[in-house]
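Colleague: I would like to go through this chain with you, one question at a time, before we discuss it with the others.

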Amino acid sequence: MGACRYCRSERGELVLDLGDQPACEYFPPLDDPGPDPVAPLRLWLCADCGLAQLADDADLPDQPAGVEPRALAEQRRDAVRAVVAAGLLPSRGRVVEGPTPHGGSWLPLLAEHGLDAAGDGPADVVVDGSFGLMHATDQAAALDGLLTHLAPDGLVLFQWHTLAAILREGQWNAVRHGHYAYYSAPVVQRMLADRGLGIVSAWTFPLYGGTVLVAARRGGRPDASVGEVITVELAAGVRDPQALRGLQRAMDAATSALRQLLDSAAAAGERVHGYSAASRAVALLNSTRTDHDRLLSVADLSPAKQGCRMPGTRVPIVSPDRLVAASPDTVLVFVSELIAEVREAYPQIEAAGGRWADAGTGAVATA
């Protein structure tokens, strides 16, 4: 690691090493023989500003377009409702939304409350609500670029999948190429304060085990919610290298659980498929060396991914219709938040005697 992506400090510690991994969001065509390019995937914690971040840049292929999960769209709607209920949105004005490769937008929801896209002019609201800023290799420059649009009395809305949730739930495979920063409330408070912005309110949502949204403005003073979120996150260990090293143990446990499930299925002659060709599936499959002999396919809604294969493997990506037609014995869901959604969408799986299981824990979904 050279220097912190935010404060440029060289003091810090490596807290997670996933070895060499392929691009988490590039899915080669099925007839591409490989081998796929790989790069080190390591997490580093800055000892000065506290930002957890990727230790290495990776010159890997770009990602294809994905289909936004329903859970993310619903959470965005809940977030806008919360800000409106707090009386923080102006009754009318202009809004700028930061770029994101994840799809989805806050703009239609904010337009319902009188906010129009600002273009290049000053904005009454600036939002990084779709996890865009974390893709920047230079965090300070990216934040400055976003805030250039902010009017003097404007409101900033910043949302992130919090490092506290990653720690609490052992979400080691949330660490992936292209996601350079892993935020916590204390770090975000400092980043905004360095630019004269004070967080005035904070909300926590259940998405991804814990997603935090903050509202900030120049000279803003915090309400009680801000201190509560910061206290909870510090207690979770977001500034503690030893706590973050628990993610390495979580990786060992998850890979062991998947190997055991696949071994048991193979011994019983069961057909195992997967659902969701998500970025977090890539490190899990490659860390367990899972290939087409154990995992027959992974279904995904994205047409851009269908007909491709999981990075670093020969596992084909298929449509959900093909998954249903295959009558699998077990479907491993690589994004646990989707389990309820896919059970509702594809009841044929269980009707035919199949089961859904969490790929990260091996736990089977029950009624």
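Colleague: Against which elements do the buried residues of α5 pack?

Modeller: This is a predicted model, and what follows should be read in that light. Within α5, A185, P186, V187, V188, M191 and L192 are buried. The helix, residues 185-193, lies across β7, β9 and β10, and its axis runs at about 155 degrees to β9. The elements against which its buried residues pack are α3 (139-147), β7, β9, β10 and α6 (224-236).

Colleague: Which other helix lies across β7, β9 and β10, and at what angle to β9 does it run?

Modeller: The helix in question spans residues 70-85, and it lies across β7, β9 and β10 (211-218). Of those strands, β10 is mostly covered, with six of its eight residues buried. The helix is α1, and its angle to β9 is about 130 degrees.

Colleague: What is the strand order of the open sheet of six strands, and which strands stand at its edges?

Modeller: The sheet has mixed pairing and follows the order β5-β4-β6-β7-β10-β9. Two of these strands have a single partner each, so one side of each is left without a neighbour in the sheet. From one strand to the next the twist averages 25 degrees. The edge strands are β5 (115-117) and β9 (197-205).

Colleague: In which sense does β7 run relative to β6, and in which sense relative to β10?

Modeller: Between β6 (residues 123-128) and β7 (residues 150-161) there are five bridges, with A123 placed opposite L150. On the β10 side, six bridges connect β7 to its partner, and V156 stands opposite A216. Strand β7 is therefore parallel to β6, while relative to β10 the sense is antiparallel.

Colleague: Which residue in the turn between β9 and β10 has a positive phi?

Modeller: Strands β9 and β10 run antiparallel and are joined by eight bridges, with A202 facing V214 across the pair. Together they form a hairpin with five residues between the strands. In that turn, the residue with a positive phi, of about 60 degrees, is Y208.

Colleague: Where does the largest nonpolar core lie with respect to the two domains?

Modeller: This core has 86 residues, and those with the most contacts inside it are W172, Y182, Y183, V214, M310, L332 and F334. Helix α8 (residues 246-267) gives the most to it, with eight residues. Since residues come from both domain 1 (70-237) and domain 2 (259-358), the core lies between them.

Colleague: How many residues of each domain are in contact with the other domain?

Modeller: The C-alpha centres of domain 1 and domain 2 are 32 Å apart. Contact here requires heavy atoms within 4.5 Å. On that basis, the residues in contact number seven in domain 1 and eight in domain 2.

Colleague: Which residues does L332 contact, beyond its neighbours within four places in sequence?

Modeller: L332 is among the residues with the most contacts inside the largest nonpolar core. Its contacts include H273, G274 and Y275. The others are L258, L261, L262, V272, L295, A357 and A359.

Colleague: What does UniProt list for residues 4-58, and how much of that span is strand?

Modeller: An unreviewed UniProt entry lists "domain: Methyltransferase putative zinc binding" at these positions. Within the chain, strands β1 (residues 12-22) and β2 (residues 38-46) pair in the antiparallel sense over eight bridges, P22 standing opposite V38. Strand β2 also pairs antiparallel with β3 (residues 52-54) through three bridges, and W44 stands opposite Q53. The span is 0% helix, and its strand content is 42%.

Colleague: Is G312 buried, partly exposed or exposed, and which residues does it touch away from its own stretch of sequence?

Modeller: G312 lies in the loop between β12 (298-299) and β13 (317-318). Buried would need a relative accessible area under 20% and exposed one over 50%; the value for G312 is 40%, so this residue is partly exposed. Leaving out residues up to four places away in sequence, those it touches are P22, D36 and N286.

How values were computed:
Residues numbered from 1 in each chain as written. Predicted model: local features only at pLDDT ≥ 70, side-chain atom pairs only at ≥ 80, totals over all residues. Heavy atoms only, no water. Pairing = 2+ DSSP bridges. Helix = DSSP H or I, 4+ residues; strand = E, 2+ residues; numbered from the N terminus. Axes fitted to C-alpha atoms, helices over the stretch in contact; angles between N-to-C directions. Core = buried A, V, L, I, M, F, W, Y, C linked by side-chain atoms within 4.5 Å. Buried < 20%, exposed > 50% of the residue type's maximum accessible area, 1.4 Å probe, protein only. Domains from an automatic or database assignment. UniProt positions renumbered as here; feature names shortened; annotations may be inferred.
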